Amino acid sequence: MNRARFTTACLLVAAGAAAIAQAPPSTTTGAHTFTQIAPGIYSAVGTAGSNAGSNSAVIVNQDDVLVVDAHMTPEAGRALLRDIKTITDKPVRFVVDTHFHYDHTDGNQVFAPIADIIGHEYTRKRLAGDILQHGMFAELLNTLPKQIDDLAKRAAAEQDATAKARLEAQLAGQRAFNQQVRETKPTPPNVTLSDHMTLFRGDREIRLLYLGHGHTGGDVVVYLPKERVLCSGDLLVNQIANMVDGYVNEWPAALEKLKPLDFVDVIPGHGEPFKGKERIDWFQAYLRDLWTQATKLHADGVPAADAAKRADMTAHKAHYAGITGPGVPAVAMTRIYAVMEGKAN
């Protein structure tokens with residue numbers, strides 16, 4: 001091998017080794033894959049079939065553990081608590097609710113006997129109210145029985161053995177999930193903040209920040225300045241966030257307040273962890289475009305359901321793989337109209 005080729009080969013090997021060295025170590029245990037983002041700071045992503053619903057972050061401090069978001073069911077919360085014991089024997093003493101949605105808070109009841117549940121005042125108000133009668137959780141409770149009934153009929157009618165087995169496995173999973181969901185007792189935060197709160201656990205500083213209306217009326221992000229890590233909840237996720245309770249007109253301003261924070265790594269409420277701030281600009285552009293289009297459609301008297309079909313967000317498809325053509329979820333447009341008409345809570 002001549003010197004040039006040898007040098008090139010060495011560089012390629014070195015680059016590959018550096019890439020491996022820089023990749024955050026991940027361990028799958030039980031129902032979770034834990035990825036160490038910084039020393040003592042882990043992203044906890046549920047494995048297939050775990051019913052985690054959302055990501056969690058696990059922050060191991062000098063004497064205790066803080067968990068960001070408690071998952072979608074009490075059973076998922078119990079699985080998270082069990083799996084945390086595989087990475088540390090320190091006790092969980094704090095849980096932070098990034099917002100009130102059931103996929104982030106229905107595990108609260110598992111942690112409440114051993115930890116303080118911290119969240120925004122708005123999150124406490126929603127979880128302490130009629131959460132079982134209205135909104136996402138009520139819709140889940142109402143739609144699950146029909147989904148199970150439909151799956152049972154399809155499984156019974158299926159003639160192909162492989163397809164039948166697949167449907168029966170799905171049916172068993174949905175029945176188990178239904179039981180787990182109905183075990184839920186909404187558990188609101190017992191410690192609240194209106195603007196910000198800082199916890200000092202040993203030499204670790206943990207800032208809890210409310211930045212304004214966004215994904216909900218009470219989103220909290222968790223910022224670790226020393227480690228330059230942000231746990232963003234659903235204010236900023238890997239792709240396009242659910243907008244069922246969002247304030248699309250105000251969301252970009254809340255995202256703007258993230259930019260001065262000195263962070264590199266982001267643990268989002270959904271999707272894989274990522275680095276950098278470019279997704280802030282992407283999502284701000286998406287939200288502003290959607291609001292502009294929705295405003296015109298609303299002014300033209302187009303019903304929300306039709307407006308959802310007509311909104312064209314394809315200009316943003318380079319950043320969002322889920323965009324394949326015109327249209328947005330009907331629940332998103334219904335919510336936008338409710339905000340415009342002063343009917344949002």
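**Aromatic pairs, a mixed sheet and two enclosed spaces**

Across the whole structure, a search finds 6 aromatic pairs. One of them joins Phe34 and Tyr42, whose ring centres are 6.4 Å apart and whose planes meet at 85°, so this pair is edge-to-face. The model is a predicted one, and the values that follow are computed from it. Phe34 counts as buried because its relative accessibility is 2%. Tyr42 has a relative accessibility of 15%, and therefore counts as buried too, the cut-off being under 20%.

Another edge-to-face pair is formed by Tyr286 and Tyr320, with 5.7 Å from centre to centre and 70° between the planes. Tyr286 belongs to helix α9 (residues 278-299), while Tyr320 sits in the loop between α10 (304-310) and α11 (330-340), so the pair ties together parts that are 34 residues apart in sequence. Both of these tyrosines, Tyr286 and Tyr320, are buried. They also take part in a wider grouping, for Trp251, Phe283, Tyr286 and Tyr320 form one aromatic cluster.

Aromatic rings meet charged side chains as well. Arg279 lies over the face of Phe274, at 4.4 Å from the ring centre. In a similar arrangement, Arg335 lies over the face of Tyr247, here at 4.7 Å from the ring centre.

Turning to the strands, an open sheet is built from 6 of them, in the order β9-β10-β11-β12-β13-β14, with mixed pairing. The edges are taken by β9 (196-201) and β14 (274-275); each has a single partner strand, so one side of each is left without a neighbour in the sheet. Phe274, the residue whose ring face is covered by Arg279, falls within the edge strand β14 (274-275). Within the sheet, strand β12 (residues 229-233) pairs with strand β13 (residues 265-268) in the parallel sense, over 4 bridges. In this pairing, Gly233 stands opposite Pro268 of β13.

Gly233 and Pro268 appear again around an enclosed space. A search of the whole structure finds 3 cavities of 30 Å³ or more, and the second largest cavity holds about 50 Å³ of space. The lining of this second largest cavity consists of Asn55, Ser56, Ala57, Val68, Asp69, Thr98, Cys231, Gly233, Ile267, Pro268 and Gly269. At least two of the lining residues come from each of β4 (56-60), β12 and β13. By character, the lining of the second largest cavity divides into 5 nonpolar, 5 polar and 1 charged.

The pockets offer a further view of the structure. The second largest pocket has a volume of about 190 Å³. Its lining is made up of Met72, Tyr102, Asp103, Met136, Glu139, Leu140, Asn242, Val244 and Val331. Helices α3 (102-105) and α6 (135-157) each supply at least two residues of this lining. The largest share, 3 residues, comes from α6. The residues that line the second largest pocket divide into 6 nonpolar, 1 polar and 2 charged.

Key. Residues numbered from 1 in each chain as written. Predicted model: local features only at pLDDT ≥ 70, side-chain atom pairs only at ≥ 80, totals over all residues. Heavy atoms only, no water. Phe/Tyr/Trp six-rings, centres within 6.5 Å; stacked < 30°, edge-to-face > 60°. Buried < 20%, exposed > 50% of the residue type's maximum accessible area, 1.4 Å probe, protein only. Lys NZ or Arg CZ within 6 Å of the ring centre and 35° of its normal. Pairing = 2+ DSSP bridges. 1 Å grid on protein atoms, 1.4 Å probe; cavity = no way out; pocket = protein on both sides within 12 Å on 5 of 7 lines; lining within 4 Å. Points joined across faces, edges and corners; volume = space filled by probe spheres on them. Nonpolar A, V, L, I, M, F, W, Y, C, P; charged D, E, K, R; others polar.
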